[in-house]
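Hi,

Here's the structure I promised to pass on to you. Have it open while you read the rest of this email.

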Amino acid sequence: MSKKNIIPIFIPFQGCPHLCVYCNQNRITGNEETLSLDGIRQRIEEQISYFKKDHPIEVAFYGGTFTMLPFSKQLEYFEGVQNYMEKGIIDSIRFSTRPDAIRKNELVELKKMGLKTVELGIQSIDSTVREASGRGGNIKIYEESIETIRQLELDLGLQQMIGLPEDTFEKTMDTARWIKKMKADFVRIYPTLVIRDTELEVMYKKGQYHPLFLEESVEWVAELLEFYSKHKISVIRVGLPPFEEESSFVAGPVHPQMREWANSLRVYYRTRSVLEGNEIGNHLIIKGTQKNINGLVGPNKIGKKKIEDAFNVRVQFVNTKNPEKFLIDTGKETLEVSMKDFR
Ligand code: SF4
């Protein structure tokens, strides 16, 4: 996907038919109120001054269920951006919404006004997970909505959550396989957090819910990144941005470099599978590009330490120019680790 500059406009809970148990948009965004149209224009003016105009600029309405707003309100939001589109300052518009709230005739009108991308919060394709999360919905209707978005040739982003109530690793991977089947243009992965003032906080405090442990979450994310990478689906985000106020966070797997950590696990798994069963000395020399080496080393050198601990060796790195593979000198022979599809 080509890179875009995004101007996020938060419309917390607007259009939401009910609250999902894990969600508190005000806590997530730190915005207590929805911007007025003047406020939106001001936000656009502020943000465009930061961007270099070498990438398209897209205004994004996040944090609510855009297509469940009255259509007159949806049009009002889009009209607030038209002036910038006519001047060529803003290139397009996107929004996030529920996958069971898509009406073709409305999307047709919004497309004429610059709609380019629709993001759907799938979270899980497992109905027990969705029920336990207060999300509801019906997969057949989700698939019909996606078909509509495809017919209109809009870009499709799908959001997946891991570690919701009743979730398992198998259900998470089933969701990933379904997302692949739906041919998403991009994906966001959100490990579930317990956020202050949510139903999930109540469940957590009563002992009815426990979030994933951090390491478990990183392992799930690593498997998902490997899967999406193999199927050439871009993952544009892992995890929520940091909370504005620390007190908004109650429990759950957060790490500022979760993606990098998960990536180092991916490379560790690949390297381990090549090394296993081979005779190795007490010293490994791993040759690869700096990018791939950084991918393996990971935050706090976690990936490097894992190899050293697993094989009781010292690891040394040497830079090469070949991004397709690592060459590992074991002291006895040279082994190859494919770095294909690593991104
Ligand atoms: S997750 Fe989405 S649909 Fe659910 S309450 Fe939050 S904003 Fe609304």
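Below is what I found, starting with the sheet and then going through some helices and single residues.

One thing up front: this is a predicted model.

Let's begin with the sheet. It's an open one with 7 strands, in the order β1-β2-β3-β4-β5-β6-β8, and the pairing is parallel. Which strands stand at the edges? Those are β1 (5-10) and β8 (234-238). Each has a single partner strand, so one side of each is left without a neighbour in the sheet. From one strand to the next, the twist averages 20°. In case strand pairing is new to you: strands of a sheet pair through backbone hydrogen bonds, and they can do that parallel or antiparallel.

For a pair to look at in detail, try β3 (residues 92-97) and β4 (residues 115-123). They run parallel and are joined by 5 bridges. If you want a spot to zoom in on, pick serine 96: its bridge partner in β4 is glutamate 119.

Now for helices that lie across strands. Helix α6 (residues 139-151) lies across β4 and β5 (155-162), and it runs at about 150° to β5. Helix α10 (residues 258-275) does this with β6 (186-191) and β8, running at about 130° to β8.

Helix α10 also turns up in the next bit, which is about α11 (residues 290-297). The buried residues of α11 are Asn292, Ile293, Gly295, Leu296 and Val297. What covers them? The cover includes α10, β10 (283-288), α12 (302-311), β11 (314-319) and β12 (325-329). Just after α11 comes glycine 298, which has a positive phi of about 70°.

Two single residues to finish. Threonine 65 sits in the loop between β2 (57-62) and α3 (71-86). Is it buried or exposed? Buried means under 20% relative accessible area, and threonine 65 has 4% relative accessibility, so it counts as buried. Leaving aside its neighbours within four places in sequence, threonine 65 touches Gln14, Gly15, Cys16, Pro17, Ser96, Thr97, Arg98 and Ala101. You'll recognise Ser96 from the β3 and β4 pair, where it was matched with glutamate 119.

The other one is glycine 80, in helix α3. Its relative accessibility is 5%, so glycine 80 counts as buried too. How far is it from arginine 41 in space, C-alpha to C-alpha? The answer is 7.1 Å, although the two are 39 residues apart in sequence.

Cheers

Note on methods
Residues numbered from 1 in each chain as written. Predicted model: local features only at pLDDT ≥ 70, side-chain atom pairs only at ≥ 80, totals over all residues. Heavy atoms only, no water. Helix = DSSP H or I, 4+ residues; strand = E, 2+ residues; numbered from the N terminus. Buried < 20%, exposed > 50% of the residue type's maximum accessible area, 1.4 Å probe, protein only. Contact = heavy atoms within 4.5 Å. Pairing = 2+ DSSP bridges. Axes fitted to C-alpha atoms, helices over the stretch in contact; angles between N-to-C directions.
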